[in-house]
Amino acid sequence: MNYFTELSIELANQRDYLDQLFRVYPLRPDSIRDIDDKVWQRIEKAYNGTDNTELLKALMKHSLFPVKDGYMPYLKLDKTAIERNPNTVNRICGRIRELGLEKLYECCTQPKETNRQMGPLFRQWLRSGTLGLVPISLSDFETTTGNAILEGGDNDLKNFAQKYLGYTRNKGIDFIGRFNGCYIIGEAKFISDEGGHQNDQFVDAMQTLAAEVNPDVKKIAILDGVLYIKSRRKMYRQIIETDVPVMSALLLRDYLYSL
């Protein structure tokens with residue numbers, strides 16, 4: 001088992017792990033999603049009318065569709081299919097009308113899923129300077145040689161890693177740093193539960209650890225959540241049976257300055 005993985009398990013099982021983790025991931029699950037007034041006025045007008053095509057199109061102007069339906073991704077990708085498939089439109093809108101207008105508004109403004117908040121929250125935490133450094137721009141990162149953290153989104157970091165660090169995976173990453181002359185790339189995730197999408201998140205991070213990079217580049221998985229609970233579950237078994245550097249964000253500073 002990697003030393004920092006061992007420390008992360010100890011932290012999660014013996015100390016106020018969740019209380020400390022809230023500094024990194026200050027989730028606000030009760031904050032409702034905004035909906036543009038003009039968009040809602042169009043939805044309300046269509047709902048009170050009889051034109052299901054207009055109702056569907058109005059709802060598609062909002063970022064969150066109020067019901068889950070396996071045919072909606074197709075209609076979003078090919079909007080010409082809306083006019084050609086009236087039975088499908090009527091079926092979906094029938095479910096929407098059953099909600100009632102008050103419940104429809106509630107569905108349209110429900111909070112974002114917590115797993116969709118994680119990337120921005122991790123970057124905000126980095127920008128707070130808690131690691132002893134504030135992330136810097138690409139131009140500054142390229143023209144300096146000291147300890148630094150690269151500012152940017154998933155694709156910005158991926159492009160830099162592919163161009164300069166030999167990173168071969170076509171997937172964005174969350175962290176690039178340079179400490180004591182060593183480059184580090186990392187994937188940061190909060191694994192809030194087991195199964196489904198959360199397992200996929202874990203697998204995604206481990207695949208980043210397996211990606212090819214230049215020999216002098218270190219790869220880490222900055223993971224938090226249920227994977228550190230001592231059990232016979234798959235995620236826990238995997239992190240204790242390998243020597244890959246999986247660690248809590250709370251230990252990232254210690255790791256970086258140990259290089």
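Begin by selecting L251, which in this predicted model sits in the loop that runs between β5 (246-247) and α14 (252-256). Its relative accessibility is 11%, and L251 therefore counts as buried, the cut-off being under 20% relative accessible area. To see what surrounds this residue, display F4, L7 and S8, which are the contacts of L251 once its neighbours within four places in sequence are left aside. A C-alpha to C-alpha distance drawn from L251 to S8 should read 7.2 Å, although 243 residues separate the two in sequence.

Now step on to L252. Leaving aside neighbours within four places in sequence, L252 is in contact with F122, W125, L131, F175, I220, I222 and M247. L252 also belongs to the largest nonpolar core, which has 41 residues, and together with Y25, F122, F175, L227 and V246 it ranks among the members that touch the most others. Apart from that core lies another, of 23 residues, and I35, A58, A81 and I96 are among the residues to select there. As background to both selections, nonpolar side chains tend to be buried together in soluble globular proteins.

Next, colour the strands. What is the order of the strands in the open sheet? Across its 5 strands the sheet runs β1-β2-β3-β4-β5, and the pairing is mixed. The edges are formed by β1 (148-149) and β5, each of which pairs on one side only. Helix α12 (residues 196-210) packs on this sheet, where it touches β3, β4 (217-225) and β5, and its direction makes about 170 degrees with that of β3.

Stay with β3 and look at its two partners in turn. Strand β2 (residues 175-179) pairs with strand β3 (residues 182-191) in the antiparallel sense, over 5 bridges. Within this pairing, F179 has C182 of β3 as its bridge partner, while G177 is partnered in β3 by I184. With β4, by contrast, β3 pairs in the parallel sense, over 9 bridges, and here E187 can be found opposite A221 in β4. How many of the 10 residues of β3 are buried? The count is 9, so that β3 is mostly covered, buried meaning under 20% relative accessible area.

Then centre the view on N180, in the loop between β2 and β3. The hairpin that these strands form has 2 residues between them, and in it N180 takes a positive phi near 50 degrees. That value deserves a check in the viewer, since N180 has this positive phi of about 50 degrees although it is not a glycine. Is N180 buried or exposed? Its relative accessible area is 51%, and N180 is therefore exposed, the cut-off being over 50%.

For the last stop, select helix α4 (residues 52-59) and helix α7 (residues 86-99), whose axes come within 9 Å and cross at roughly 70 degrees. Angles of 65 to 115 degrees count as roughly perpendicular, and α4 and α7 are therefore roughly perpendicular to each other. Showing side chains at the crossing brings up N52, T53, L55, L56 and L59 from α4, which meet V89, N90, I92, C93, I96 and R97 of α7. By class, this contact of α4 with α7 has 7 nonpolar, 3 polar and 1 charged residues. I96, on the α7 side of the contact, is also one of the residues of the 23-residue core selected earlier.

Note on methods. Residues are numbered from 1 along each chain as its sequence is written. This is a predicted model: local features need pLDDT of at least 70, side-chain atom pairs count only at pLDDT 80 or more; totals for chains, interfaces and linings use all residues. Side-chain values use heavy atoms; hydrogens and water are left out. Axes are lines fitted to C-alpha atoms, for helices over the stretch in contact, and angles run from 0 to 180 degrees between N-to-C directions. Helices (H or I, at least four residues) and strands (E, at least two) are DSSP runs, numbered from the N terminus. Angles under 35 degrees count as roughly parallel, over 145 as roughly antiparallel, 65 to 115 as roughly perpendicular and the rest as oblique. Contact means heavy atoms within 4.5 Å. Ala, Val, Leu, Ile, Met, Phe, Trp, Tyr, Cys and Pro count as nonpolar, Asp, Glu, Lys and Arg as charged, and the others, Gly among them, as polar. Buried means under 20% relative accessible area, exposed over 50%, partly exposed in between (1.4 Å probe, protein chains only). A nonpolar core is a set of buried Ala, Val, Leu, Ile, Met, Phe, Trp, Tyr and Cys residues joined through side-chain atoms within 4.5 Å. Two strands pair if DSSP finds at least two bridges between them.
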